[in-house]
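I opened a new notebook page for this chain. The plan is to look up the rings first, then the charges, the cores and the overall totals.

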Amino acid sequence: MTVTKSRKPTVPQMVDIARLAGVSKSTVSRALADSPLVNDKTKALVKKIAIEHNYRLNVAARNFRLKESLTISVLLPTAVGADWRLSDPFFLELLGAIADSVDAHGHQLLLSRTSPQDGNWIKSFVEKRNADGLILIGQGSQHKAINELAKNYKALSVWGAKLEDTMHYPVVGTDNELGGKRITTHLLSQGRRRIAFLGLRDSPEIMQRFAGYCLAHNELDLPWHKSLVIEDQINPLPLQTQLKKLLALKSGCDAIVASSDVQAMSAIQSLQELGLSVPRDIAVVGYDDITLAQYYNPALTTIHQDRKQAGNFLVENVLSAINGGETTTRTLDPELVVRDSA
């Protein structure tokens, strides 16, 4: 597991506002709370400085120190062409792990959905919702918006992919490229040479898994073929129709790397309906290792993502940030789980 420590929050503290206004910290606290003990001129000055420096009274940190219950919001972004669905078992299991961790710390969970319309949707959510911290499930195409928000809003943790070394927010997720490489290398080691990639889409995690698929081929000096890549978003044809076109290729197909367990299971069902045997005719592998994977027929070879560990890390990051501490980007090890489907 790779761990990257982030710097402590650089947002202005109450002592900074007090210094700029030439008053005490207690005066700043009273002024921002609109206390009658502070005159209007001082209130106006303190509020003006606070606004100019993007200072927000950290009620969450106060509650944290007083051992009062906090509300942690889990935000599930949804949009046309979204790269996942709430009904996906993996995300339901991850959500359950987060809920268990929040409860174990004595706090409350607020589950929310939003349909992003512009680049400010995350900022608007933070400003309008009554939550002390935020866990975001997936980055999608919103990395820049999340990164901008995180410059000032630190009580944030994201399940997703590490995209660059200078990110302002911590992410927790598996090494998707390594996972894609491991699962593909497993198929290549079995002598499979016409391996399809199912579910390519414009999201960081899936693109990294596809990069691992390509890397596994390249390291063995073997070609991968664009004709074997099924792109999930741009192809509206039903999966069985897409698989028929794949099998009709002159060179054929002897294995499928699916970008999730749900897609792998859909592929297996479609292949069986076409009269093919898995893995005798075509091997199929997934990614996630949802609970159902071990009970499917055939049991699914896949990459395990540790939801319990991820849930704990996501919650710990938020609570640490609320209390003015460090947050940590954690890259979990993608464990290859070999079962009957490959």
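How many aromatic pairs does the structure hold? I looked this up in the model, which is predicted, and the structure holds seven aromatic pairs.

**Entry: ring pairs**

I took phenylalanine 90 and phenylalanine 91 to begin with. Their ring centres are 5.3 Å apart and the planes stand at 80°. Planes over 60 degrees apart count as edge-to-face, so I logged this pair as edge-to-face. I also checked cover: phenylalanine 90 is buried, and phenylalanine 91 is buried as well.

Next I looked up phenylalanine 197 and phenylalanine 210. Here the centres lie 5.1 Å apart with the planes at 70°, so this pair too is edge-to-face. Which elements hold the two rings? Phenylalanine 197 is in strand β7 (residues 195-200), and phenylalanine 210 is in helix α9 (residues 204-219). I noted that the pair therefore ties together parts that are 13 residues apart in sequence. Phenylalanine 197 and phenylalanine 210 are both buried.

I then followed the rings outward from this pair. Phe197 and Phe210 belong to one aromatic cluster with Tyr213 and Trp224.

**Entry: charges over rings**

I searched for charged ends over ring faces. Arginine 209 lies over the face of tyrosine 287, and I recorded 3.8 Å from the ring centre. I recorded another case at phenylalanine 313, where the charged end of arginine 330 sits over the ring at 3.9 Å from its centre.

**Entry: nonpolar cores**

In soluble globular proteins, nonpolar side chains tend to be buried together. I looked up how that appears here. The largest nonpolar core has 58 residues, and the members that touch the most other members are Ile98, Ile135, Ile137, Leu156, Trp159 and Ile256. Which element gives the largest share of this core? Helix α12 (residues 307-322) does, with seven residues.

I found another core lying apart from that one, with 19 residues. Its members include Leu188, Phe197, Ile206 and Ala216. I marked Phe197 for a cross-reference, as it is also listed in the aromatic cluster.

**Entry: totals**

I closed with the whole chain. I counted 12 helices and 13 strands in the protein. Of its 342 residues, 50% count as buried. The protein exposes about 16,700 Å², and carbon and sulfur atoms supply 49% of that area. For contacts between residues at least 6 apart in sequence, I noted that 71% join residues at least 24 apart.

Technical notes. Residues are numbered from 1 along each chain as its sequence is written. Side-chain values use heavy atoms; hydrogens and water are left out. Helices (H or I, at least four residues) and strands (E, at least two) are DSSP runs, numbered from the N terminus. Buried means under 20% relative accessible area, exposed over 50%, partly exposed in between (1.4 Å probe, protein chains only). Contact means heavy atoms within 4.5 Å. Accessible areas come from the Shrake-Rupley method with a 1.4 Å probe; for residues, only the protein chains shown count as cover. Rings of Phe, Tyr and Trp (its six-membered ring) pair if their centres lie within 6.5 Å; planes under 30 degrees apart count as stacked, over 60 as edge-to-face and the rest as tilted. A charge sits over a ring if NZ of Lys or CZ of Arg is within 6 Å of the ring centre and within 35 degrees of the ring normal. A nonpolar core is a set of buried Ala, Val, Leu, Ile, Met, Phe, Trp, Tyr and Cys residues joined through side-chain atoms within 4.5 Å.
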